[in-house]
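Me: I'd like to go through this one and ask what stands behind each label. Can you set the values against the cut-offs for me?

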Amino acid sequence: MAKEPGYCLHKSTGQAIVRFGGKMHYLGAYGTAESKERYNRLKAESMESKSWRASSDVSTGVLPRLMTYLGPRTDDDGFIGMI
């Protein structure tokens, strides 16, 4: 499961920021109740749409594709496996 996006400080502007669904969202002045409320609202909306979560389907990752491309290998002892 993917890590939950964090409430972060944008140092040059003093704004609270968070990245959901590949987009940066500016939430207002860092540390304020208003910015934390916006963060919680965006997080709830994103969790409903699952836009911030990585796919739980392992077959979509790089490793399964690489293993398919390389195919099974046999070592000197006759063991058949993947790299």
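Me: What makes the nonpolar surface patch of about 490 Å² here?
Reply: Val62, Leu63, Leu66 and Tyr69 make it. A patch takes residues with over 30% relative accessible area and no salt bridge, joining nonpolar side chains (Val, Leu, Ile, Met, Phe, Trp, Tyr) within 5 Å and like charges within 9 Å. The areas come from the Shrake-Rupley method with a 1.4 Å probe, and for residues only the protein chains shown count as cover. This is a predicted model, where local features need pLDDT of at least 70 and side-chain atom pairs count only at pLDDT 80 or more, while totals for chains, interfaces and linings use all residues. Residues are numbered from 1 along each chain as its sequence is written, and side-chain values use heavy atoms, leaving out hydrogens and water.

Me: Why is Val62 called exposed?
Reply: Exposed means over 50% relative accessible area, buried under 20%, and partly exposed in between (1.4 Å probe, protein chains only). Val62 has 66% relative accessibility, so Val62 counts as exposed. Val62 sits in helix 2.

Me: How do you know that helix 2 lies largely in the open?
Reply: Helix 2 covers residues 62–70, and of its nine residues the number buried is zero, so the helix lies largely in the open. Just after helix 2 comes Gly71, with a positive phi of about 75°.

Me: What makes something a helix or a strand, and how many of each are there?
Reply: Both are DSSP runs numbered from the N terminus: helices are H or I with at least four residues, strands are E with at least two. By that count the protein chain has two helices and five strands. From the N terminus on, the order is β-β-β-α-α-β-β.

Me: How confident is the predictor in the protein chain?
Reply: pLDDT is the predictor's confidence in each residue, from 0 to 100. The chain mean is 78, with 69% of its residues at 70 or more. Confidence is highest in strand 1, at 94, and lowest in strand 5 (residues 80–81), at a mean of 60.

Me: Why are strand 1 and strand 2 said to pair?
Reply: Pairing needs at least two bridges found by DSSP between the strands. Strand 1 (residues 8–10) and strand 2 (residues 15–20) have three, in the antiparallel sense, so they pair. One bridge partner set is Cys8 with Ile17 in strand 2. Their hairpin has four residues between the strands, and Gly14 in this hairpin takes a positive phi near 75°.

Me: What joins strand 2 to strand 3?
Reply: Six bridges do, with strand 3 (residues 23–29) running antiparallel to strand 2. Across from Ile17, in strand 3, is Tyr26. This hairpin has two residues between the strands, and Gly21 in the turn shows a positive phi of about 60°.

Me: Why is Ser35 called buried?
Reply: Ser35 has a relative accessible area of 0%, which is under the 20% limit, so Ser35 is buried. Ser35 lies in helix 1 (residues 33–49).

Me: What makes the link between Ser35 and Thr32 a polar contact?
Reply: A polar contact is a pair of N or O atoms within 3.5 Å; within protein, one must be able to donate a hydrogen and the other to accept it, and residues adjacent in sequence count only if both atoms are side-chain atoms. The Ser35 side chain reaches the backbone oxygen of Thr32 at 2.9 Å, so the distance fits the limit.

Me: How do you know that Arg38 and Glu34 form a salt bridge?
Reply: A salt bridge needs a side-chain nitrogen of Lys or Arg within 4 Å of a carboxyl oxygen of Asp or Glu. Arg38 and Glu34 meet at 2.7 Å, N to O, so they qualify. They are four residues apart in helix 1, so about one helical turn separates them. Arg38, at 29%, is partly exposed, and so is Glu34, at 47%.

Me: How many salt bridges does the rule give, and what is the distance in the one between Arg41 and Glu37?
Reply: The count is two. Arg41 and Glu37 meet at 3.3 Å, N to O, so this pair also passes. At 41% relative accessibility, Arg41 counts as partly exposed, and Glu37, at 41%, does too.
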